[in-house]
Amino acid sequence: MDSTLDTVLVALSPAIADENADQLLEAAMRVAGPAEATVVLTYVVTGEEFLDAAERLGHEGASRDDADDVLADHETIERLGATLDEHGITYEVRGAVGKVAEEVVAVAGEIDADQVFVSGRPRSPTGKAVFGSTAQDIMLDSPCPVTYVAANSE
């Protein structure tokens, strides 16, 4: 079994608050940095969110095939990319349009990810026994190990 860590995927979407995205990235950097692994910031949006982002970011007429370029210009990705740059960690951006769990699992397979980092929303005491459905779907279907980083409660 190959124990090297080359590629770490960080799963992001508009549902993840900035503070929680930072927390998720910090966890991924603690693993990727020492291993000199590439971090793949994977930002998944719905079709409507994509069209809104494309227009707002100056990519009018963009199609789903342009998701990497459009979402690389998203404020969240630019901010997280700057953090990775500050720490000397190599990164790539993958944009996707669709359902978060399905797209994250697909990208993880395409890039042959060694580890996926996901976050979830705070839950009630009863709900804490079960992960959120998106995070749970990623954990169950991912082609590689998944690290769940609990979101801070607001």
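## Terms and model

Buried means under 20% relative accessible area, exposed means over 50%, and partly exposed lies in between (1.4 Å probe, protein chains only). Glu-36 counts as exposed, at 73% relative accessibility. Accessible areas come from the Shrake-Rupley method with a 1.4 Å probe, and for residues only the protein chains shown count as cover.

This is a predicted model, in which local features need pLDDT of at least 70, side-chain atom pairs count only at pLDDT 80 or more, and totals for chains, interfaces and linings use all residues. Residues are numbered from 1 along each chain as its sequence is written, and side-chain values use heavy atoms, with hydrogens and water left out.

## Overall build

The chain has six helices and five strands. Helices (H or I, at least four residues) and strands (E, at least two) are DSSP runs, numbered from the N terminus. Along the sequence the pattern reads β-α-β-α-α-α-β-α-β-α-β. Of the 154 residues in the chain, 42% are buried.

## Strand S2 and its partner

Strand S2 covers residues 38-45. Eight of its eight residues are buried, so the strand is largely enclosed by the rest of the structure. Both of its sides take part. Thr-38, Val-40, Thr-42 and Val-44 point one way, and all are buried. Val-39, Leu-41, Tyr-43 and Val-45 point the other way, and these too are all buried.

Strand S1 (residues 7-12) runs parallel to S2, and six bridges join the two. Two strands pair if DSSP finds at least two bridges between them. Within S1 and S2, Leu-9 stands opposite Val-40.

## Salt bridges

The whole structure holds five salt bridges. A salt bridge is a side-chain nitrogen of Lys or Arg within 4 Å of a carboxyl oxygen of Asp or Glu. Among them is the pair Asp-18 and Arg-79, at 3.1 Å from N to O. This pair links distant parts of the chain: Asp-18 sits in helix H1 (residues 18-35) and Arg-79 in helix H4 (residues 75-86), 61 residues apart. Arg-79 also forms a salt bridge with Asp-22, with the closest N and O atoms 2.2 Å apart. Asp-22 lies in H1 and Arg-79 in H4, so this pair ties together parts that are 57 residues apart in sequence. Asp-18, Asp-22 and Arg-79 are thus linked in a network of salt bridges. Each member is partly exposed: Asp-18 at 43% relative accessibility, Asp-22 at 28% and Arg-79 at 28%.

Another salt bridge joins Arg-94 and Asp-68, with the closest N and O atoms 4.0 Å apart. Arg-94 lies in strand S3 (residues 91-97) and Asp-68 in helix H3 (residues 67-72), so the pair ties together parts that are 26 residues apart in sequence. Asp-68 is partly exposed, with a relative accessible area of 31%.

## A negative patch

Glu-48, Glu-49, Asp-52, Glu-55 and Glu-60 form a negative surface patch. Patches are made of residues with over 30% relative accessible area and no salt bridge; like charges are joined within 9 Å, and nonpolar side chains (Val, Leu, Ile, Met, Phe, Trp, Tyr) within 5 Å. Lys and Arg count as positive and Asp and Glu as negative, while His and the chain ends are not counted. The place of a charge is taken as NZ of Lys, CZ of Arg, CG of Asp or CD of Glu. One of the patch residues, Glu-55, is found in helix H2 (residues 47-56). Glu-55 is exposed, with a relative accessible area of 56%.

## Contacts across the sequence

Gly-33 is in helix H1 and is partly exposed at 30% relative accessibility. Gly-33 and His-87 are 54 residues apart in sequence, yet 8.0 Å apart in space, C-alpha to C-alpha.

Asn-152 is in the segment after strand S5 (146-150). Its relative accessible area is 30%, so Asn-152 is partly exposed. The C-alpha atoms of Asn-152 and Ala-17 are separated by 9.4 Å, with their positions 135 residues apart along the chain.

## Positive phi in two loops

Most residues other than glycine have a negative phi. Glu-36 has a positive phi, near 55°. Glu-36 lies in the loop between H1 and S2. Asp-112 is not a glycine either, and has a positive phi of about 55°. Asp-112 lies in the loop between helix H5 (100-110) and strand S4 (115-120). At 59% relative accessibility, Asp-112 counts as exposed.
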